[in-house]
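The following exercises concern domain organisation and sheet architecture. Please work through each task with the sequence and the model in view before reading its solution.

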Amino acid sequence: MAGGKPLPSRAPHASLGAMAHTLIIGAGITGAALAFQLAKRGERVTLISTHAEGGLASAASFGWLNASYFLSHPHYRLRREGLAAHHRLQATLSGLSTTWQGCLWYEATGAAQDETASDLAALGYKVERLTKPQIAARLPALGPLPETALFFPDEGHADPADLARALIKASGAQVIRATVEAVTEAQGRVTGVQTDIGPVHADRVVLAAGTATPGLLQPFGYTLPMLKRPGLMITTNALPRVCPVILATPDQEVRQDAEGHLHAPASAGHQSDSAETLGSFPVVVNATLQRLRALFPGQEIHFARQAMALRPVPEDGLPVAGPGTIPGLWMAVMHSGATLAPVVAELLAAEIIDGTESPLLGDFRPDRFA
Ligand SMILES: Cc1cc2nc3c(=O)[nH]c(=O)nc-3n(C[C@H](O)[C@H](O)[C@H](O)COP(=O)(O)OP(=O)(O)OC[C@H]3O[C@@H](n4cnc5c(N)ncnc54)[C@H](O)[C@@H]3O)c2cc1C
């Protein structure tokens, strides 16, 4: 757990002029969404990233946009607003590839499925209960048909790496390809960063570096505890249209892209997966392909490619967004960043620029670990 200086819970350092220069470390969906929101409000923004625009976890993501999975009611509310923030982005920027095909879900069955339906409906979430014939009608290619399933019509998909590239382009932010070695400070205030190609000066630094964020925070006496959660995505050859929804079964999640490729996390229930290792690569890949072949019998399903990344999961599974230990330092680290980054970016940008704190972020402050 954390040690050292306690973090401020408020935003006491948001009083710079309108053209303050903000450096964002990380060009995944989190940094990109924040660059877009800050630039939209007239801020001068520069991104620094080791990896190409599109990030690391963002480039290996399943990209399921949902609020049916949540760890607490504040987490649910943030995820709900996350879906709305994706719609706002689509209304603002043309040509985004975000889709709203809905999710057909039977990760839980029987009484547990009923309970999920009732809980979500009580929260006002759209849930349809489907019978076996209704499931067959929606997914004619599905081999083993469950007795019942839930359909979440408001859920969808975004490719976080594609979205990040679109947001960076729209932001007009400069992108520097470099590795940040340290955040620099003078007289108790952030002055910029030291990179492998030299120093970069700024009025503010936002750490959106995913799993690398804790290392950059450590010199400031703050430990951000993270879980070790490797994630592996398998992509298959292109198939005829077999999966028009995001499908979540007890042992496999899968979606199909516009070209027909299936995309499947190697672990079941990947959002709550707690494995710290992936296992032998050929074994894991083959097991995933076997499950996909069982779901869609008669289809020629083969391995096409894989993407692997450590998912940035803070110790309690919840996002971390807010001010750091000294004026000018901010952070945004999260799992479910495909769902959450756009809304966290909207809220954090308002807070960074004029100190407007949103109650939606109240439960996700860095000082909960201090
Ligand atoms: C297999 C898998 C499945 C997932 N499925 C879903 C899902 O279905 N739904 C969902 O909502 N979320 C999902 N996620 C989570 C989501 O993808 C992540 O939360 C999100 O992509 C995190 O984005 P990020 O920008 O914070 O981090 P990243 O994409 O990891 O980007 C970090 C950036 O920081 C840069 N960086 C790091 N260190 C430095 C340094 N020292 N100097 C300069 N740059 C640095 C990197 O180069 C990179 O650009 C999944 C993730 C994985 C891996």
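Two residues are in contact if their C-beta atoms, placed from the backbone, lie within 7 Å. The model is predicted: local features require pLDDT of at least 70 and side-chain atom pairs pLDDT 80 or more, whereas totals for chains, interfaces and linings use all residues. Residue numbers start from 1 along each chain as its sequence is written.

**Exercise 1.** Describe the two domains and the contact between them.

*Solution.*
Step 1. Domain 1 comprises 1-99 + 155-226 + 312-370, and domain 2 comprises 103-153 + 230-310; such bounds come from an automatic or database domain assignment.
Step 2. A distance of 29 Å separates the C-alpha centres of domain 1 and domain 2.
Step 3. Contacts link 15 residues of domain 1 with 19 residues of domain 2.
Step 4. On the side of domain 1 that touches domain 2, nine residues are nonpolar, five polar and one charged. Here Ala, Val, Leu, Ile, Met, Phe, Trp, Tyr, Cys and Pro count as nonpolar, Asp, Glu, Lys and Arg as charged, and the others, Gly among them, as polar.

**Exercise 2.** Establish the strand order of the open sheet of six strands and locate its edges.

*Solution.*
Step 1. Strands are DSSP runs of E, at least two residues, numbered from the N terminus; two strands pair if DSSP finds at least two bridges between them.
Step 2. The order is 8-2-1-12-21-20, with mixed pairing.
Step 3. Strand 8 (174-177) and strand 20 (320-323) are the edge strands, each pairing on one side only.
Step 4. Strand 2 (residues 44-49) runs parallel to strand 8, joined by four bridges; Ser-49 has Arg-177 of strand 8 as its bridge partner.
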